[in-house]
Amino acid sequence: MVNPFKNSNPHWAAVIFCLFLARADAEELQVAVASNFISAMGSMVVEFEAVSGHRVRVIPGSTGKHFAQIMQGAPYDVFLAADVRRPEELEKRGMVLLGSRFTYAVGKLVLWSPRPGFVDAEGAVLKGGNFRFLAIANPLHAPYGRAAREILQAMDLWGNLTGRIVRGENISQAFQYVKSGNADLGFVARSQLHDLGVASKGSQWEAPHRLYAPILQQAALLKEKVSGREFLAFIRSEAGLKIICSYGYDVPDP
Amino acid sequence: MLSASDLTALGLTLRLALVSTLILLVTGTPLAWWLARTRWRYKFLLEAVVALPLVLPPTVLGFYLLVVLGSRGPLGSLMEWLGGRSLAFTFSGLVIGSVIYSMPFVVQPLQNAFSAVGRRPLEVAATLGASPLDRFFTVALPLAKPGFFTAAVLGFAHTVGEFGVVLMIGGNIPGKTQVVSIALYDHVEALQYGQAYALSAILLIISFTLLVAVYALNRRFQGVQP
């Protein structure tokens, strides 16, 4: 007969220690997160779990897809969207807890090329047209894509560049097109350049704010849950805002 | 119901499927013939390579293609060195992806058909003085006709339904690389469910009609054979 406790005392001590640490009311929280926010979310989750004792499960994806899934009853507790429209739409349909919706981050669009000196400080490279493909996210449904289209329209280039604009399914794919060298340059999220530490390499132009409507990203609570409220409060806390800023987003004015 | 861009996407899809199927029939026939007749010890390795797209997620294939075709990838830099251009985001690039992706759907039916012909009819033809080329074109090919039909239809239908590879290497350029499955996906993402329904219905009808044709004709061919 094998004694399961024999020689395993240190492990049991560790387990009991952990149980002692864990809160009795610890919950598991399911959060649907827009793909552009995934890296920031990783840091957010580490800190939040340490502070609160709750467990967070992150479901990454496009906001359009998350929206459709939530409409079909997906078991998400919190929705971190890439835009205002989808959370607003959910609120209209009574699928969001009233008063829980707020802007958690403001996205920034950057014209980027991995080639040093290719993108100038004024974005004149777009007018010069000395490139084969320009990557953007799909303007039909990706907020970063819509903003890219607004910039090109404001510069009066949208019509001329059709046929040279490749559209990624989302901003991650647009980024990938540029990084792999398949597109010469592209409009990517500033947060993506922060993630990979590629900002120092290559060349970039941060499009001025007047050229596009701000990319407001909203969060909402979908189900009444203590951990959900705590998580949303954490995002708005100083610690949360600091993480968001450190990933290249602006934070909304208080 | 269908917009002009939907119709363009539909036309582009059919053109892509047609070109890919023709290339696959031309290149797949000798390969299938060889696979059906060879006694090479390591033939199973090649068969596994041909079957790979059946089980490989299309996004994996698409990702590799994107990396390889890109101007920093091996093929892309070779192309640029030769004075050409990278094939990503072009119709030719889509054709390359589709040919790889639909290969098992063409090669396997052909290989089975050639195997079913067997050695005997060919040996008989040889004793009657037919040259190897003659034997292939006047004996093997006509006997393998049902296999060609199945291969063509499956290759075509599979290319029409392709999504993951095109999503990765297409770049979604209307009129150039925006195929119908991508247009459909865009409609769903943009909550344009009306157009999504219409396009889905068309794809369903195309796929179903093609499969019905395969099964109906297979039955007829079986009835004819002794």
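Q: How many helices and strands make up the secondary structure of chain B?
A: Happily, this one is quick to read in the predicted model. Along the sequence, chain B runs α-α-α-α-α-α-α-α-α-α-α. The count for chain B is therefore zero strands, with helices as runs of at least four residues, and the helices number 11.

Q: What share of the residues of chain B is buried?
A: Let's take the cut-off to be under 20% relative accessible area. Chain B has 226 residues, and the part of them that counts as buried is 43%.

Q: What percentage of the accessible surface of chain B belongs to carbon and sulfur atoms?
A: The C-alpha atoms of chain B fill a box of roughly 65 × 45 × 25 Å along the principal axes. Its accessible surface comes to about 11700 Å², and the carbon and sulfur portion is 70%.

Q: How far apart lie the centres of the positive and negative side chains in chain B?
A: Here the two sets are worth a look in turn. Chain B carries 14 positive and 8 negative side chains. The distance between the centres of these sets is 14 Å.

Q: Which three residues supply more than any other three of the area that chain A buries against chain B?
A: Chain A and chain B each bring 26 residues to the contact, and the area buried between them is about 2200 Å². On the chain A side, 27% of the buried area comes from Arg132(A), Arg167(A) and Asn182(A).

Q: How many salt bridges does the rule find across the interface of chain A and chain B?
A: A pair must have a side-chain nitrogen of Lys or Arg within 4 Å of a carboxyl oxygen of Asp or Glu. Across this interface, the number of salt bridges found is zero.

Key: Residues are numbered from 1 along each chain as its sequence is written. Chains are lettered from A and ligands numbered from 1 in the order in which they are written. This is a predicted model: local features need pLDDT of at least 70, side-chain atom pairs count only at pLDDT 80 or more; totals for chains, interfaces and linings use all residues. Side-chain values use heavy atoms; hydrogens and water are left out. Helices (H or I, at least four residues) and strands (E, at least two) are DSSP runs, numbered from the N terminus. Buried means under 20% relative accessible area, exposed over 50%, partly exposed in between (1.4 Å probe, protein chains only). Accessible areas come from the Shrake-Rupley method with a 1.4 Å probe; for residues, only the protein chains shown count as cover. Lys and Arg count as positive and Asp and Glu as negative; His and the chain ends are not counted. The place of a charge is taken as NZ of Lys, CZ of Arg, CG of Asp or CD of Glu. Contact means heavy atoms within 4.5 Å. Buried area is the accessible area (1.4 Å probe) that two parts lose on being put together, summed over both.
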